[in-house]
Amino acid sequence: MGEIFAGRYELIDPVGRGGVGAVWRAWDHRRRRYVAAKVLQQSDAHTLLRFVREQALRIDHPHVLAPASWAADDDKVLFTMDLVSGGSLAHVIGDYGPLPPRFVCTLLDQLLAGLAAVHAEGVVHRDIKPANILMEATGTARPHLRLSDFGISMRKGEPRLTETNYVVGTPGYFAPEQLMGAEPDFPSDLFAVGLVALYLLQGQKPDSRALIEYFAAHGTPGAPEGIPEPLWQVLAGLLQPDPHARFRTATGARKALTAAVELLPEPGADDEPVEVFDQIGPLPAGFGPQGPLPAAEPKPEPEPEPQPQPQPESQPETTPPPLPPQPPASSPVSGAMSETGSFHLPPPPQQPLHPQHPQQLLAHAPTEAVRHEQALTRPYTAPQLQPQQTSAPTAAPAPHRPGPPLKVAVPVLLLALACFAVGFWALSRI
């Protein structure tokens, strides 16, 4: 898993690098989707101010890739935007070289439409070039272009962040007035659009300085090889060195382009279709189309299979012989052959029970009422001591005899206590 920034954005892998920061593919845990996160690399005040100015830009247009949200965490800041996976126009030229004129016109129309929305907000982009124009991965379908990287853009009337006579942007795509230190204006962006169109049609970066000098010395040249004349007239209106002779608005240039496309020849059957590939690549391990994958639970170790126990050799089943039937209780013959021919054993003899056997004691034990009556009527007799016999066999213990009744024992006890008291008194008087 990647680093989670500000508790919301999980940085996955770097996908590009801008003027002031690296661009990462990130997962937005709140919006539940993949985004592109631009992380600030430097922390000086000048760079941070440009970063804040860029993240504050909010332009909602299908051909503009503007910041959508931002976050700060300790000494790092980032802002996010839509993730565009088809690479830039530089990738397309690297794959195909010069592009067909009609395909270029489609891209140029979308670029001018997005730039018109930017200019409508009073913003000058100041860094239009193939690397800042991204493509959706549409395959062989209609291309979809997004204008991005507003790192050095500014609104008209805002204070400049650069020193006097210091030019910002990408060399080779400067308008002549930019080289002279003029204030940024919309026609400067349109001049860069004309250079991008030449790059797409010729497959290589144009020499903007030589082009400016030629225009200044000889006026508008003829159409270069491979560029239809109607389309060249539109490009010439974008590449005029004098900003007052140039198209003043992106909307005006787009109208002229629409009229020129109607005059272009139809594409031939042999024209190779242009396919926009996915340039970002597959997601790393641990991530899927719906976001981070749950951690895999460890698989339990398989239990060992029980080993079969050796079975003893089976013995042939034998049926025991049937027992002979018992003779009936009323049979007069015992231990002899019955009428059916079977032999009957006589029943075992009955042994007399011991006198102390529970059954014998229970049989001769008096009832509770009889024992109570005997205890009340029997006179008290002292127990007789019997001499101990060692050689004679042990006789059965005598049955239990109850003690004297309560009416006799109490007077005797009182008489004994009285005698003891009288004796004790007599001794104390001596």
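## A first look around H119, the cores and a helix pair

Let's start with one residue: setting aside neighbours within four places in sequence, H119 touches F186, D189 and A250. Keep in mind that this is a predicted model. From H119 we'll move to the nonpolar cores, then to a pair of helices, and finish with a residue on the outside.

**H119**
- You'll find H119 in helix α3.
- Is H119 buried or exposed? Its relative accessible area is 10%, and buried means under 20%, so H119 counts as buried.

**The largest nonpolar core**
- As background, nonpolar side chains tend to be buried together in soluble globular proteins.
- Here the largest nonpolar core has 56 residues, and L99 and L200 are the ones touching the most other members.
- Quite a list of elements gives two or more residues to this core: helices α2, α3 (101-120), α5, α6 (208-218), α7 (229-238) and α8 (250-261), plus strands β8 (133-135) and β9 (145-147).
- Which element gives the most? That's α5, with 11 residues.
- Domain 1 (4-82) and domain 2 (87-262) both give residues to this core, so the core lies between them.

**L200 and the second core**
- Take L200 from that core: leaving out neighbours within four places in sequence, L200 is in contact with L89, I93, P98, L99, V104 and L107.
- There's also a second, separate core of 10 residues, with L40, F51, M81 and L134 among them.

**How α2 and α5 pack**
- For two packed helices, the usual description is the angle between their axes and the distance between the axes.
- In this case, the axes of α2 (residues 89-96) and α5 (residues 186-202) come within 10 Å and cross at roughly 20°.
- Angles under 35 degrees count as roughly parallel, so α2 and α5 are roughly parallel to each other.
- On the α2 side the contact is made by L89, A90 and I93, while α5 brings V196, Y199 and L200.
- What kinds of residues make up this contact of α2 with α5? They divide into 6 nonpolar, no polar and no charged.

**E266, on the outside**
- E266 sits in the loop between α8 and β11 (287-288).
- With 64% relative accessibility, E266 counts as exposed, because exposed means over 50%.
- E266 and R102 are 164 residues apart along the chain, yet 8.5 Å separates their C-alpha atoms.

How values were computed: Residues numbered from 1 in each chain as written. Predicted model: local features only at pLDDT ≥ 70, side-chain atom pairs only at ≥ 80, totals over all residues. Heavy atoms only, no water. Axes fitted to C-alpha atoms, helices over the stretch in contact; angles between N-to-C directions. Helix = DSSP H or I, 4+ residues; strand = E, 2+ residues; numbered from the N terminus. Parallel < 35°, antiparallel > 145°, perpendicular 65-115°, else oblique. Contact = heavy atoms within 4.5 Å. Nonpolar A, V, L, I, M, F, W, Y, C, P; charged D, E, K, R; others polar. Core = buried A, V, L, I, M, F, W, Y, C linked by side-chain atoms within 4.5 Å. Buried < 20%, exposed > 50% of the residue type's maximum accessible area, 1.4 Å probe, protein only. Domains from an automatic or database assignment.
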